[in-house]
Amino acid sequence: MAERKGLGKGLGALFEDVNIDSTEIEGSEANKEDINFIEIDEIAPNESQPRKTFNKEKLEELARSIKTHGVIQPIVVRKQGSHYEVVAGERRWRAARIAGLSEVPCIVRELTDEQNMLVAIIENVQREDLNPIEEARAYDEMSQKYRMTQEEISNSMGKSRPYIANMLRLLKLNEKVQDLVLQGMISQGHGKILAGIQNKDK
(Lines give C-alpha, C1' and ligand atoms only; values in the text may rest on other atoms or scores of the structure.)
Protein backbone atom coordinates (compact mmCIF):
# COMPACT_ATOMS: atom_id res chain seq x y z
CA MET A 1 0.00 0.00 0.00
CA ALA A 2 2.89 2.39 0.72
CA GLU A 3 3.89 2.21 -2.95
CA ARG A 4 0.44 3.34 -4.10
CA LYS A 5 0.50 6.40 -1.86
CA GLY A 6 3.26 7.83 -4.01
CA LEU A 7 1.42 7.14 -7.24
CA GLY A 8 -0.16 10.58 -7.41
CA LYS A 9 3.26 12.24 -7.36
CA GLY A 10 4.48 9.70 -9.91
CA LEU A 11 1.68 10.71 -12.26
CA GLY A 12 2.73 14.33 -11.93
CA ALA A 13 6.25 13.39 -12.98
CA LEU A 14 4.91 11.68 -16.09
CA PHE A 15 3.47 14.99 -17.26
CA GLU A 16 6.10 17.38 -15.92
CA ASP A 17 6.86 18.56 -19.47
CA VAL A 18 3.24 18.98 -20.58
CA ASN A 19 0.20 20.47 -18.90
CA ILE A 20 -2.81 18.35 -19.83
CA ASP A 21 -5.12 21.10 -18.61
CA SER A 22 -3.61 23.85 -20.74
CA THR A 23 -5.26 25.11 -23.91
CA GLU A 24 -2.05 25.79 -25.82
CA ILE A 25 1.20 23.96 -26.46
CA GLU A 26 3.30 26.83 -27.79
CA GLY A 27 6.26 28.21 -25.89
CA SER A 28 8.10 25.03 -24.94
CA GLU A 29 10.71 23.42 -27.18
CA ALA A 30 10.60 20.28 -25.02
CA ASN A 31 6.88 19.97 -25.63
CA LYS A 32 7.25 20.43 -29.39
CA GLU A 33 9.95 17.75 -29.60
CA ASP A 34 7.72 15.36 -27.68
CA ILE A 35 4.80 15.57 -30.11
CA ASN A 36 4.22 12.86 -32.73
CA PHE A 37 1.59 12.95 -35.47
CA ILE A 38 -0.17 9.58 -35.46
CA GLU A 39 -2.72 8.20 -37.91
CA ILE A 40 -6.13 8.61 -36.30
CA ASP A 41 -7.17 5.05 -37.26
CA GLU A 42 -4.19 3.68 -35.31
CA ILE A 43 -5.67 5.09 -32.10
CA ALA A 44 -8.36 3.35 -30.05
CA PRO A 45 -10.49 4.71 -27.18
CA ASN A 46 -9.42 4.11 -23.59
CA GLU A 47 -11.13 1.06 -22.07
CA SER A 48 -10.54 2.58 -18.63
CA GLN A 49 -12.20 5.86 -19.61
CA PRO A 50 -14.62 6.68 -16.78
CA ARG A 51 -16.61 9.02 -18.98
CA LYS A 52 -19.18 6.92 -20.84
CA THR A 53 -21.34 9.65 -22.39
CA PHE A 54 -20.20 12.31 -24.85
CA ASN A 55 -22.51 15.18 -25.80
CA LYS A 56 -23.05 14.93 -29.56
CA GLU A 57 -23.66 18.65 -30.06
CA LYS A 58 -20.55 19.64 -28.11
CA LEU A 59 -18.47 17.10 -30.06
CA GLU A 60 -19.70 18.58 -33.35
CA GLU A 61 -18.96 22.08 -32.04
CA LEU A 62 -15.41 21.03 -31.16
CA ALA A 63 -15.09 19.32 -34.56
CA ARG A 64 -15.95 22.61 -36.30
CA SER A 65 -13.27 24.37 -34.25
CA ILE A 66 -10.74 21.67 -35.12
CA LYS A 67 -11.53 22.05 -38.83
CA THR A 68 -10.65 25.74 -38.51
CA HIS A 69 -7.76 25.70 -36.05
CA GLY A 70 -6.61 22.07 -35.92
CA VAL A 71 -5.98 20.14 -32.71
CA ILE A 72 -4.21 22.76 -30.57
CA GLN A 73 -3.69 20.53 -27.52
CA PRO A 74 -2.04 17.12 -28.19
CA ILE A 75 -3.68 13.86 -27.19
CA VAL A 76 -1.82 11.69 -24.69
CA VAL A 77 -1.62 8.03 -25.79
CA ARG A 78 0.17 4.83 -24.86
CA LYS A 79 1.31 1.99 -27.13
CA GLN A 80 -0.86 -1.10 -26.91
CA GLY A 81 0.32 -3.88 -29.21
CA SER A 82 -0.10 -2.78 -32.84
CA HIS A 83 -2.11 0.34 -31.99
CA TYR A 84 -2.23 3.27 -29.58
CA GLU A 85 -4.76 3.82 -26.80
CA VAL A 86 -6.01 7.24 -25.69
CA VAL A 87 -4.90 8.11 -22.15
CA ALA A 88 -6.11 11.71 -22.03
CA GLY A 89 -8.00 13.68 -24.66
CA GLU A 90 -10.59 11.19 -25.92
CA ARG A 91 -13.08 13.99 -26.57
CA ARG A 92 -10.55 15.73 -28.86
CA TRP A 93 -9.81 12.43 -30.61
CA ARG A 94 -13.53 11.78 -31.24
CA ALA A 95 -14.04 15.33 -32.52
CA ALA A 96 -10.99 15.03 -34.79
CA ARG A 97 -12.55 11.93 -36.36
CA ILE A 98 -15.78 13.83 -36.96
CA ALA A 99 -13.74 16.67 -38.47
CA GLY A 100 -12.22 14.18 -40.91
CA LEU A 101 -8.59 14.49 -39.78
CA SER A 102 -6.29 11.68 -40.91
CA GLU A 103 -3.75 12.23 -38.14
CA VAL A 104 -3.57 14.00 -34.79
CA PRO A 105 -0.76 15.39 -32.60
CA CYS A 106 0.03 13.01 -29.75
CA ILE A 107 2.34 12.60 -26.79
CA VAL A 108 3.27 8.96 -26.23
CA ARG A 109 3.71 7.78 -22.64
CA GLU A 110 4.61 4.41 -21.13
CA LEU A 111 1.96 3.73 -18.49
CA THR A 112 0.83 0.72 -16.50
CA ASP A 113 -2.88 -0.16 -16.55
CA GLU A 114 -3.23 1.42 -13.11
CA GLN A 115 -1.54 4.66 -14.14
CA ASN A 116 -3.59 4.73 -17.34
CA MET A 117 -6.84 4.50 -15.42
CA LEU A 118 -5.78 7.12 -12.87
CA VAL A 119 -4.70 9.63 -15.51
CA ALA A 120 -8.02 9.20 -17.34
CA ILE A 121 -9.95 9.74 -14.11
CA ILE A 122 -7.83 12.70 -13.00
CA GLU A 123 -8.19 14.47 -16.35
CA ASN A 124 -11.97 14.10 -16.35
CA VAL A 125 -12.37 15.11 -12.70
CA GLN A 126 -10.15 18.17 -13.16
CA ARG A 127 -12.17 19.23 -16.19
CA GLU A 128 -15.45 18.40 -14.37
CA ASP A 129 -16.42 16.21 -17.34
CA LEU A 130 -17.87 13.35 -15.30
CA ASN A 131 -21.39 13.16 -13.96
CA PRO A 132 -21.63 12.08 -10.29
CA ILE A 133 -22.35 8.40 -11.01
CA GLU A 134 -19.47 8.09 -13.49
CA GLU A 135 -17.15 9.70 -10.95
CA ALA A 136 -18.39 7.40 -8.17
CA ARG A 137 -17.94 4.31 -10.37
CA ALA A 138 -14.40 5.42 -11.21
CA TYR A 139 -13.51 5.69 -7.50
CA ASP A 140 -15.14 2.31 -6.88
CA GLU A 141 -12.99 0.74 -9.60
CA MET A 142 -9.89 2.24 -8.00
CA SER A 143 -10.96 0.65 -4.72
CA GLN A 144 -12.07 -2.75 -6.03
CA LYS A 145 -9.66 -3.37 -8.91
CA TYR A 146 -6.51 -1.80 -7.46
CA ARG A 147 -7.28 -2.24 -3.74
CA MET A 148 -6.78 1.44 -2.99
CA THR A 149 -8.10 2.79 0.29
CA GLN A 150 -10.29 5.90 0.40
CA GLU A 151 -7.31 7.78 1.84
CA GLU A 152 -5.12 6.73 -1.10
CA ILE A 153 -7.83 7.67 -3.59
CA SER A 154 -8.25 11.08 -1.97
CA ASN A 155 -4.47 11.68 -2.10
CA SER A 156 -4.27 10.69 -5.78
CA MET A 157 -7.29 12.78 -6.78
CA GLY A 158 -6.60 15.81 -4.62
CA LYS A 159 -10.02 15.38 -2.97
CA SER A 160 -10.86 15.03 0.71
CA ARG A 161 -11.57 11.57 2.12
CA PRO A 162 -15.15 12.56 3.15
CA TYR A 163 -15.73 13.72 -0.44
CA ILE A 164 -14.66 10.30 -1.79
CA ALA A 165 -16.82 8.53 0.82
CA ASN A 166 -19.87 10.63 -0.07
CA MET A 167 -19.41 9.98 -3.79
CA LEU A 168 -19.17 6.22 -3.20
CA ARG A 169 -22.45 6.38 -1.26
CA LEU A 170 -24.22 7.14 -4.55
CA LEU A 171 -23.50 3.56 -5.66
CA LYS A 172 -25.80 2.34 -2.87
CA LEU A 173 -28.72 3.71 -4.88
CA ASN A 174 -30.61 1.15 -6.94
CA GLU A 175 -29.95 1.18 -10.70
CA LYS A 176 -33.16 3.04 -11.54
CA VAL A 177 -32.23 5.97 -9.27
CA GLN A 178 -28.62 5.89 -10.47
CA ASP A 179 -29.91 6.26 -14.03
CA LEU A 180 -31.94 9.31 -12.95
CA VAL A 181 -28.77 10.89 -11.53
CA LEU A 182 -26.92 9.99 -14.75
CA GLN A 183 -29.62 11.74 -16.79
CA GLY A 184 -29.51 14.80 -14.55
CA MET A 185 -33.12 14.32 -13.43
CA ILE A 186 -31.99 13.97 -9.81
CA SER A 187 -29.16 16.06 -8.38
CA GLN A 188 -26.09 14.66 -6.66
CA GLY A 189 -27.31 16.13 -3.36
CA HIS A 190 -30.70 14.47 -3.64
CA GLY A 191 -28.98 11.23 -4.59
CA LYS A 192 -26.89 11.29 -1.40
CA ILE A 193 -30.04 11.78 0.69
CA LEU A 194 -31.85 8.94 -1.09
CA ALA A 195 -28.81 6.69 -0.58
CA GLY A 196 -29.46 6.88 3.16
CA ILE A 197 -32.93 5.35 2.79
CA GLN A 198 -32.68 1.62 3.40
CA ASN A 199 -36.08 0.72 1.94
CA LYS A 200 -35.61 0.76 -1.84
CA ASP A 201 -39.37 0.91 -2.48
CA LYS A 202 -39.56 4.16 -0.55
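In which kind of crossing, left-handed or right-handed, does helix 6 pass helix 7? Keep that question in mind as you open the structure, which is a predicted model, and begin the tour with this pair of helices.

**Stop one: helix 6 and helix 7**

Select helix 6, which spans 113-127, and then helix 7, which covers residues 132-146. The crossing of helix 6 over helix 7 is left-handed. Their axes come within 11 Å and cross at roughly 160 degrees, and because angles over 145 degrees count as roughly antiparallel, helix 6 and helix 7 are roughly antiparallel to each other. To see where they touch, show the side chains of D113, E114, M117, L118, I121 and V125 on helix 6, together with E135, A138, Y139, E141, M142 and Y146 on helix 7. Colouring this contact by class gives eight nonpolar residues, four charged ones and no polar ones.

**Stop two: helix 7 and helix 10**

Keep helix 7 selected and add helix 10, residues 175-182. The axes of helix 7 and helix 10 come within 7 Å, with a crossing of roughly 120 degrees, which makes helix 7 oblique to helix 10. Here P132, I133, E134 and R137 of helix 7 meet Q178, V181 and L182 of helix 10, and the residues of this contact divide into four nonpolar, one polar and two charged.

**Stop three: helix 8 and helix 9**

Next, select helix 8, residues 150-157, and helix 9, residues 161-169, whose axes lie 8 Å apart at an angle of about 110 degrees. That angle makes helix 8 roughly perpendicular to helix 9, and helix 8 passes helix 9 in a right-handed crossing. The residues to display are Q150, E151, I153 and S154 from helix 8, and R161, I164, A165 and L168 from helix 9; by class, this contact has four nonpolar, two polar and two charged residues.

**Stop four: the largest pocket**

Finally, turn to the largest pocket, which has a volume of about 360 Å³. Which of the residues that line it are the closest to its centre? Select L62, Q73, R91, R92 and R127, for these are the closest to the centre among the 21 lining residues. Helix 6 from the opening stop appears again here, since helix 4 (56-69), helix 5 (90-99) and helix 6 each supply at least two residues of the lining. Helix 4 gives the most, with four residues. Coloured by class, the lining of the largest pocket shows five nonpolar, nine polar and seven charged residues.

How values were computed: Residues are numbered from 1 along each chain as its sequence is written. This is a predicted model: local features need pLDDT of at least 70, side-chain atom pairs count only at pLDDT 80 or more; totals for chains, interfaces and linings use all residues. Side-chain values use heavy atoms; hydrogens and water are left out. On a 1 Å grid over the protein atoms alone, a cavity is a set of points where a 1.4 Å probe fits but cannot get out, and a pocket is an open set with protein on both sides within 12 Å along at least five of seven lines; lining residues have an atom within 4 Å of a point. Grid points are joined across faces, edges and corners, and a volume is the space filled by probe spheres set on the points. Ala, Val, Leu, Ile, Met, Phe, Trp, Tyr, Cys and Pro count as nonpolar, Asp, Glu, Lys and Arg as charged, and the others, Gly among them, as polar. Axes are lines fitted to C-alpha atoms, for helices over the stretch in contact, and angles run from 0 to 180 degrees between N-to-C directions. Angles under 35 degrees count as roughly parallel, over 145 as roughly antiparallel, 65 to 115 as roughly perpendicular and the rest as oblique. A crossing is left-handed if the near helix is turned anticlockwise from the far one by less than a right angle, and right-handed if clockwise. Contact means heavy atoms within 4.5 Å.
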